[in-house]
Amino acid sequence: GGHLYLVEMKWWTERLGPKEMAELQVRVFHRDQVRGIFISASGYTEAAIASCRDSLPRAVFVLCELEELVRALEADMPLPQLFKQKIDGAIIDKQPLKKVF
């Protein structure tokens, strides 16, 4: 079966930390079969990446950088294919910020 994804994008100049991602994480934790995708224009702190990795047993969170989306589009890669690779990286490799590009 498919999963529902809650997506949040931040256009910040500073890298996102766990505090900036907490609201989406809480919303995902309280819903069954829901996963989260963060898209950041400015990257993530190590603490944010660790927070998402630590919560993988409870819920899947995928971290994406805006630059990855742009590069995928420039390479004519369909975005569902990009996100499938990133989701697999989070689940299989335990890397929420699996770099595809």
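This passage walks through the cores, cysteines, salt bridges and backbone of a predicted model.

A good place to start is the interior. In general, nonpolar side chains in soluble globular proteins tend to be buried together. In this model, the largest nonpolar core is made up of 15 residues. Those with the most contacts inside this core are Met-21, Val-28, Phe-38, Tyr-44, Cys-52, Phe-61 and Leu-63. Two helices and two strands each give two or more residues to the core, namely α1 (18–29), β2 (34–40), α2 (46–54) and β3 (61–65). Apart from this core lies another, of 13 residues, and Ile-37, Leu-69, Ala-72 and Ile-87 are among its members.

Phe-38 offers a helpful view of the surroundings in the largest core. With neighbours within four places in sequence left aside, Phe-38 is in contact with Glu-8, Met-21, Leu-24, Gln-25, Tyr-44, Cys-52, Phe-61, Val-62, Leu-63 and Cys-64. Several of these partners, including Met-21, Tyr-44, Cys-52, Phe-61 and Leu-63, also appear among the residues with the most contacts inside the core.

The two cysteines just met among the partners of Phe-38 deserve a closer look. The structure holds zero disulfides. Cys-52 is in no disulfide, and the nearest cysteine sulfur to its own, that of Cys-64, is 13 Å away. Cys-64 is likewise in no disulfide, with the sulfur of Cys-52 as its nearest cysteine sulfur, at 13 Å. A disulfide would require the two sulfur atoms to lie within 2.5 Å, so this pair, at 13 Å, does not qualify. As for exposure, Cys-52 is buried, with a relative accessible area of 0%, and Cys-64 also counts as buried, at 0% relative accessibility.

Charged residues come next. Side chains of opposite charge can pair when their charged atoms come close. A search of the whole structure finds seven salt bridges, and three of them are described here, beginning with one that spans a stretch of sequence. The side chains of Lys-99 and Glu-65 meet at 2.8 Å, N to O. Lys-99 belongs to the segment after α4 and Glu-65 to strand β3, so the pair ties together parts that are 34 residues apart in sequence. The two partners fall into separate exposure classes: Lys-99 counts as partly exposed, at 46% relative accessibility, whereas Glu-65 counts as buried, at 17%.

The other two examples sit within helices. In helix α3, Arg-71 and Glu-67 are placed four residues apart, about one turn of the helix, and their side chains form a salt bridge of 2.5 Å, N to O. Both count as partly exposed, Arg-71 at 37% relative accessibility and Glu-67 at 45%. Helix α4 holds a pair with this spacing too, as Lys-84 and Asp-88 are four residues apart, about one turn of the helix. Their salt bridge is 2.7 Å, N to O, and Asp-88 counts as partly exposed, at 28% relative accessibility. Arg-71 also has a partner in space that is distant in sequence: Phe-101 is 30 residues away along the chain, yet the two C-alpha atoms are 6.8 Å apart.

Lys-10 is a charged residue with another setting. Lys-10 lies in strand β1 (residues 4–10) and is buried, with a relative accessible area of 17%. The cut-off for buried is under 20%, which is why Lys-10, at 17%, falls in that class. Once neighbours within four places in sequence are left aside, its contacts are with Leu-16, Glu-20, Ile-39, Ser-40 and Ala-41.

Finally, the backbone holds two points of interest. Most residues other than glycine have a negative phi. Asp-76, however, is not a glycine and has a positive phi, near 60°. Asp-76 is placed in the loop between α3 (66–74) and α4 (79–92), and this residue is exposed, with a relative accessible area of 68%. Lys-94 is another residue other than glycine with a positive phi, of about 60°. Lys-94 is found in the segment after α4, and is partly exposed, with a relative accessible area of 47%.

Key: Residues numbered from 1 in each chain as written. Predicted model: local features only at pLDDT ≥ 70, side-chain atom pairs only at ≥ 80, totals over all residues. Heavy atoms only, no water. Buried < 20%, exposed > 50% of the residue type's maximum accessible area, 1.4 Å probe, protein only. Contact = heavy atoms within 4.5 Å. Core = buried A, V, L, I, M, F, W, Y, C linked by side-chain atoms within 4.5 Å. Salt bridge = Lys/Arg side-chain N within 4 Å of Asp/Glu carboxyl O.
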